[in-house]
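Please open the model in your viewer and set it to a cartoon view. The tour below proceeds by selection, one stop at a time.

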Amino acid sequence: MSEIAACPFCGDFDGEVGSTACPNIAKGGFKKAVYCNACFGEGPPCDTEDEAIAAWNQRAKAEAA
Ligand SMILES: [Zn+2]
């Protein structure tokens, strides 16, 4: 699994991947998103954990720039 970058909202490294409330019909489950345990920020919902982490990391980089 990819590394989860610092939270784009609060800068903490307390993010983890969880299931979102959005059903993912194609994969028979729920979408994945990275959540920050420090500020409860939420990343973009994606089909897989890796995609969710990539999307979170991209946002973290965009916020830092
Ligand atoms: Zn945070």
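What follows is a sequence of selections, each with a description of what is found there.

**The whole chain**

Begin with everything displayed, and bear in mind that this is a predicted model. Colour the chain by pLDDT: the average is 93, and 97% of the residues score at least 70. Among the elements, β2 has the highest mean pLDDT (96), and α1 has the lowest (91).

Next, colour by secondary structure. The protein contains 1 helix and 2 strands, and their order from the N terminus is β-β-α. Along its principal axes, the C-alpha trace extends about 35 × 20 × 20 Å. What radius of gyration would a compact globule with 65 residues have? The value would be near 11 Å, and the protein has 11 Å, which agrees. Of the 65 residues, 25% are buried. Among contacts between residues at least 6 apart in sequence, 40% connect residues at least 24 apart.

**The helix α1**

Select residues 49-64, which form α1. This helix has 16 residues, and the distance from its first C-alpha to its last is 22 Å, close to the 22 Å expected at 1.5 Å a residue. Now show the side chains of Ala52, Ile53, Trp56 and Ala60, which are buried. Turn the view to look down the axis of α1: the buried residues fall within an arc of 95 degrees, so they line one face of the helix. A general rule is useful here: an α-helix has 3.6 residues a turn, so residues three or four places apart point the same way.

Which residues are exposed on the other side of α1? Select Lys61 and Ala62 to see them. Then add β1 (15-24) and β2 to the display, since both are included in what covers the buried residues of α1.

**The nonpolar core**

Which residues form the largest nonpolar core? Select Ile4, Ala5, Cys7, Ala33, Val34, Tyr35, Cys36, Cys46, Ala52, Ile53, Trp56 and Ala60, the 12 residues of this core. At least two of these residues come from β2 (29-36), and at least two from α1.

**Two residues of β2**

Keep the core visible and centre on Cys36, which lies in strand β2. Cys36 is buried, because 22 other C-beta atoms lie within 10 Å, and 20 or more are required. Apart from neighbours within four places in sequence, Cys36 contacts Cys7, Phe9, Cys10, Asp12, Asp14, Gly15 and Gly41. Draw a distance from the C-alpha of Cys36 to that of Pro8: the two residues are 28 apart in sequence and 9.3 Å apart in space.

Move to Tyr35, also placed in strand β2. Tyr35 counts as buried, with 21 C-beta neighbours inside 10 Å. Its contacts, leaving aside neighbours within four places in sequence, are Gly15, Glu16, Gly18, Phe40 and Glu42. The C-alpha atoms of Tyr35 and Thr48 are 14 Å apart, with their positions 13 residues apart in sequence.

**The loop between β2 and α1**

Follow the chain to Phe40, in the loop between β2 and α1. Is Phe40 buried or exposed? Phe40 is exposed, with 10 other C-beta atoms within 10 Å. Its phi is near 65 degrees, a positive value in a residue other than glycine. Most residues other than glycine have a negative phi.

Cys46 is found in the loop between β2 and α1. Cys46 is buried, with 20 other C-beta atoms within 10 Å. Beyond four places in sequence, Cys46 touches Lys31, Lys32, Ala33, Glu51, Ala52 and Ala55. Val17 is 29 residues away from Cys46 along the chain, and their C-alpha atoms are separated by 11 Å.

**The segment before β1**

Finish at Pro8, in the segment before β1. Pro8 is buried, with 20 other C-beta atoms within 10 Å. Where does the chain meet Pro8, leaving aside its neighbours within four places in sequence? The contacts are with Arg59, Ala60 and Glu63. As a last step, draw the distance between the C-alpha atoms of Pro8 and Glu63: these residues are 55 apart along the chain, and the separation is 5.8 Å.

Methods:
Residues numbered from 1 in each chain as written. Predicted model: local features only at pLDDT ≥ 70, side-chain atom pairs only at ≥ 80, totals over all residues. Core = buried A, V, L, I, M, F, W, Y, C linked by C-beta atoms within 7 Å. Helix = DSSP H or I, 4+ residues; strand = E, 2+ residues; numbered from the N terminus. Rg over C-alpha atoms; globule rule 2.2 N^0.38 Å. Contact = placed C-beta atoms within 7 Å. Expected span 1.5 Å × (residues − 1). Arc of directions from axis to C-beta. pLDDT = per-residue confidence, 0-100.
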